[in-house]
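Q: Please take a close look at the largest cavity in this model. What lines the largest cavity, and which elements supply the lining? Set the answer beside the cores, the sheet and the second largest pocket.

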Amino acid sequence: MAESSEFHIEKLVDSLVATCQDNQAVNHIEGHDLPDKASVEQVLDMLLAILLPGYTQGKAVSPASLPYYFGDLITRVQTELTGQVERALAYDCRIRQQNDHECLSCSRATEAVHGLLMALPHLREVLKDDVHAAFNRDPAAESLDVILFCYPGIEAVATQRLAHVLYQGNIPIIPRMWTERAHSRTGIDIHPGATIGRRFFIDHGTGIVIGESTVIGNDVALYQGVTLGALSPAKGQSLRAVKRHPTIEDDVIIYAGATILGGETVVGKGSTIGGSVWLTESVPPGSRVMMAMEDLVVKRMATMSERRRREEARVTL
């Protein structure tokens, strides 16, 4: 075999090590441990099992077993999530070059996890409203069970509501890990920082994007492909902590493919935003926003039977 095609593992190893020397390299070496992705996702599955008992783990849950069911899951979540939150906080302190006691204190992780666990009864009530809103709005919904088993919006919203609690507690990394897991599974991208009201309905959902500083009121419905985004994303880090995403007030419907941008943009209560609308300014309550129909061209095509009759007439001639 020619020398040029020989495999030298030592040279390959040296080349790979060299790629890790740059300060901008994509590696995590000599730092605090990052949260473990598999463990963080396992905790999310347990939390979803608490919010939706009997739906997510393929196991029957009886009324008599509920105390043991909840007790077991809560204990496991408390132990595993506290450790992962501690790792996330330690990492965050390192990259911000802070070593103070408050930053590294284990009590922050314990308090954050306890806060999330104590919020679970309220989150179950809110999620119940979301499920009933989906059933009441969608005539294709056969039952609540179908919505809970099949509708991607429920998983995406339930996950975001959990992540939002940790986000509000200033816990880094883990809230985004949860919502990105939901994004990969459902095609719905909701930042954990978004504030979402009650009875929120996502129909179909694929391609929906909801940015970090979005505020959504009660009884809002979104269809697939909706973007609630920011203007001037090229400014990047200079816009951190600035409200960049729109406010959607109560009782708004936003149809497929609509794009609404900007932190000062407010969609007033009771408005309807039509499909494919591009909106960068506020609209008052009760507005109906749609694309201009005069740009739409409709041509009537001959039916199959009409084309067949024409062909038969030509043959006869």
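A: In this predicted model, α7 and β3 (201-202) each supply at least two residues of the lining of the largest cavity. The largest share comes from α7, with three residues. The lining consists of A134, Y151, G153, I154, V157, F200, F201 and I202. By class, seven of these residues are nonpolar, one is polar and none is charged. The volume of the largest cavity is about 40 Å³, and the structure holds one cavity of 30 Å³ or more.

The helix α7 also takes part in the largest nonpolar core. That core has 42 residues, and L47, L81, L162 and W178 have the most contacts inside it. At least two residues of the core come from each of α2, α3 (66-95), α5 (106-137), α6, α7 and α8 (174-186). The largest share is that of α5, with eleven residues. As for W178, its contacts beyond the neighbours within four places in sequence are V40, V43, L44, L47, L81, L116, T159, L162, A163 and L166. Two of the other residues with the most contacts inside the core, L47 and L81, are thus named among the contacts of W178.

F200, one of the residues that line the cavity, belongs to a second, separate core of 26 residues. I196, L222 and V277 are also included in that second core.

I196 lies in strand β2 (195-196), one of the two edge strands of an open sheet. Four strands form this sheet in the order β2-β5-β8-β11, with parallel pairing. The other edge strand is β11 (266-267), and each edge strand pairs on one side only. Further in, β5 (residues 215-216) and β8 (residues 247-248) run parallel and are joined by two bridges. I216 has I248 in β8 as its bridge partner.

The second largest pocket also draws on α7: the elements that give two or more residues to its lining are α2 (37-51), α6 (144-150) and α7 (152-168). The volume of this pocket is about 270 Å³. Its lining has 13 residues, of which L52, T56, L148, E155 and R185 are the closest to the centre. Nine of the lining residues are nonpolar, one is polar and three are charged, whereas the lining of the largest cavity has no charged residue.

Key:
Residues are numbered from 1 along each chain as its sequence is written. This is a predicted model: local features need pLDDT of at least 70, side-chain atom pairs count only at pLDDT 80 or more; totals for chains, interfaces and linings use all residues. Side-chain values use heavy atoms; hydrogens and water are left out. On a 1 Å grid over the protein atoms alone, a cavity is a set of points where a 1.4 Å probe fits but cannot get out, and a pocket is an open set with protein on both sides within 12 Å along at least five of seven lines; lining residues have an atom within 4 Å of a point. Grid points are joined across faces, edges and corners, and a volume is the space filled by probe spheres set on the points. Ala, Val, Leu, Ile, Met, Phe, Trp, Tyr, Cys and Pro count as nonpolar, Asp, Glu, Lys and Arg as charged, and the others, Gly among them, as polar. A nonpolar core is a set of buried Ala, Val, Leu, Ile, Met, Phe, Trp, Tyr and Cys residues joined through side-chain atoms within 4.5 Å. Buried means under 20% relative accessible area, exposed over 50%, partly exposed in between (1.4 Å probe, protein chains only). Contact means heavy atoms within 4.5 Å. Two strands pair if DSSP finds at least two bridges between them.
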